[in-house]
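Hi everyone, thanks for making the time this morning. I'd like to walk you through a protein on the screen, so grab your coffee and have a look.

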Amino acid sequence: MFQNVGKDAYKEGLENTNILDEHFGHPHRKFHTIHVAGTNGKGSCSHTIASVLQEAGYKVGLFTSPHLVDFRERIRINGKMISEKYIMDFIDEEKKFFEPLHPTFFELTTAMAFKWFAEQGIDVAVIEVGLGGRLDCTNIINPDLSIITNISFDHTSLLGDTLSKIASEKAGIIKYRTPVIIGERHHETQGVFIATAYSQKSKIIFAEDKSFETEKYEFELQGLYQKKNLKTILTALFEMKDHIPYYNKISESDIKHGLQKVTENTGLSGRWQTLKKKPLTICDTGHNVGGFQFLSQQIVEQPCKLRRIVFGMVNDKDINGVLALLPKNAIYYFTQASVRRAMPAEELKKAAHKYRLSGNCFPNVRTAYVQAQKDADKDDFIFVGGSSFIVADLLTFLGLPDSKQ
């Protein structure tokens, strides 16, 4: 599993994906799709667009990654997770076909999601790219709209070590005569997107160029970075509503309600999520430099007596880039998630020392979190993050979200 192991579990190419797709009778052709790629924000964008489509009365599939507590979070219809029984039956019935193929975790999960969506008769699925774009398992779809939220450095060993190389991989989801929304303009990447869209005869829209009054929309997702996401989301929704006939029943009221009810409609968690009011305790799945450019600013702007940060990362990220952004006037609780890719807490503490970040080490997220709560005054601020897996371990310990739905 890429989720636990990292790049050793990644397999390039769509050969297995195409074999699986053919075996199941091309299920993705039986429903409409919206395809979402990008370095940061693609999960929030996917969930929010799904929420608005639900408000408009569509039966909506949602395929995202990674999961936080329960594998089934990845595959939902109108917010309801795929059943455990369906997953077990899928493996039991198809094991003989799978075994000689040696499909990856992503390949199997994608095939199962598309099959379930088709069998359940959904209208449209919002499909989040797993990694990159061009060679991602999801890239067999022919969507009504493609969205690329932004480009920053992540998974550089797989996608390339420059922004333009990473953009080329993400631009692989741009399809022939299919409109594409690009969240942010950047001098290193915009040329790649424009050239790809031109070669595919596709309309390209940069959300940054739009003059929406985003302030008139009440967005449930509260992170500072969500302001950028909101512009991308609105640009996509207005393109769908005004220019793609299948979506013309989306109303202004659906957009407003969908933005206000993302977590209720879709089950999204871990995005600047409030866990406790006193002391104010927030967790966030941001895990790279692009994410922490916003998160660090928001942590610093939080009015409080003292900042306490429960922090851990995985070892294939730009650790130094993130540590350089973190606030120095905070007490750190260095820890490690329960995955093989987790950076040992002692190593992280040593790296953090170079950036004048100080604190103690804890063997797991639970002990770090409990200690931070014990140490905190009611006017302190506690932040938990650095990796999706840190947040996953915390939510598991707290029994959130309710995985029994």
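Let's begin with some rings: Phe31, Phe63, Tyr86, Phe114, Trp116 and Phe117 come together as one aromatic cluster. Before I go on, please keep in mind that this is a predicted model. In total, the structure holds 21 aromatic pairs. One of them is formed by Phe212 and Phe238, a tilted pair with 5.2 Å from centre to centre and 35° between the planes. What does that pair tie together? Phe212 lies in the loop between β8 (204-206) and α9 (226-243), while Phe238 is in helix α9, so the pair links parts that are 26 residues apart in sequence. As for the partners themselves, Phe212 counts as partly exposed, at 24% relative accessibility, whereas Phe238 is buried, at 14%.

Rings also meet charges here. The charged end of Arg185 sits over the ring of Phe206, 4.0 Å from the ring's centre. Likewise, Lys249 places its charged end over the ring of Tyr58, at 4.4 Å from the centre.

Now let me zoom out to the whole chain. You can count 16 helices and 14 strands in it. Its radius of gyration is 21 Å, close to the 22 Å that the globule rule gives for 405 residues, so the chain is as compact as a globular protein of that length. If you prefer outer dimensions, the C-alpha trace spans about 55 × 55 × 40 Å along its principal axes. And how much of the chain is buried? Buried residues account for 58% of the 405 residues.

On to the sheets. Eight strands make an open sheet with mixed pairing, and the order is β4-β3-β2-β5-β1-β6-β7-β8. At its edges are β4 (80-81) and β8, each of which pairs on one side only. Inside that order, strand β2 (residues 60-63) runs parallel to strand β5 (residues 124-128), and four bridges join the two. If you want a place to look, find Val60, which stands opposite Val124 in β5.

Then there is a set of parallel pairings that I'd like to follow from strand to strand. Start at strand β10 (residues 280-284), which pairs in the parallel sense with β14 over five bridges. There, Thr281 stands opposite Ile382 in β14. β14 is also joined to β11 by five bridges, again running parallel, with Phe311 opposite Gly385 of β14. From strand β11 (residues 307-311) we step to strand β12 (residues 331-334), a parallel pairing over four bridges, where Arg308 faces Ile331 in β12. Next, four bridges join β12 to strand β13 (residues 358-361), and those two run parallel as well. Phe334 stands opposite Cys361 in β13. To get from β12 to β13, the chain passes through helix α14 (residues 345-353), and this β-α-β crossover is right-handed.

Let's stay with β14 for a moment. Five of its five residues are buried. Which residues sit on which face? Phe381, Phe383 and Gly385 are on one side, Ile382 and Val384 on the other, and both faces are covered. That fits a general pattern: in a regular strand the side chains alternate between the two faces of the sheet.

Right after β14 comes a part I like. Ser387 is found in the loop between β14 (381-385) and α16, and this serine is buried, with a relative accessible area of 1%. What does Ser387 do at the N-terminal end of α16? Ser387 caps that end, with a side-chain oxygen 2.9 Å from the backbone nitrogen of Phe389. The helix that follows, α16 (residues 388-398), has Ser388, Phe389, Ile390, Val391, Ala392, Leu394 and Leu395 as its buried residues. After α16 comes Gly399, whose phi is positive, near 75°.

One last stop, and it is another glycine. Gly291 has its place in helix α12 (residues 289-301) and counts as buried, at 10% relative accessibility. How far apart are Gly291 and Thr39, in sequence and in space? They are separated by 252 residues in sequence, but by 9.1 Å from C-alpha to C-alpha.

That's my tour. Thanks for listening, and I'm happy to turn the model around for anyone who wants another look.

How values were computed. Residues numbered from 1 in each chain as written. Predicted model: local features only at pLDDT ≥ 70, side-chain atom pairs only at ≥ 80, totals over all residues. Heavy atoms only, no water. Pairing = 2+ DSSP bridges. Right-handed = clockwise from strand over helix to strand, strands pointing away. Phe/Tyr/Trp six-rings, centres within 6.5 Å; stacked < 30°, edge-to-face > 60°. Buried < 20%, exposed > 50% of the residue type's maximum accessible area, 1.4 Å probe, protein only. Lys NZ or Arg CZ within 6 Å of the ring centre and 35° of its normal. Polar contact = N/O pair within 3.5 Å; in protein donor to acceptor, adjacent residues only side chain to side chain. Rg over C-alpha atoms; globule rule 2.2 N^0.38 Å.
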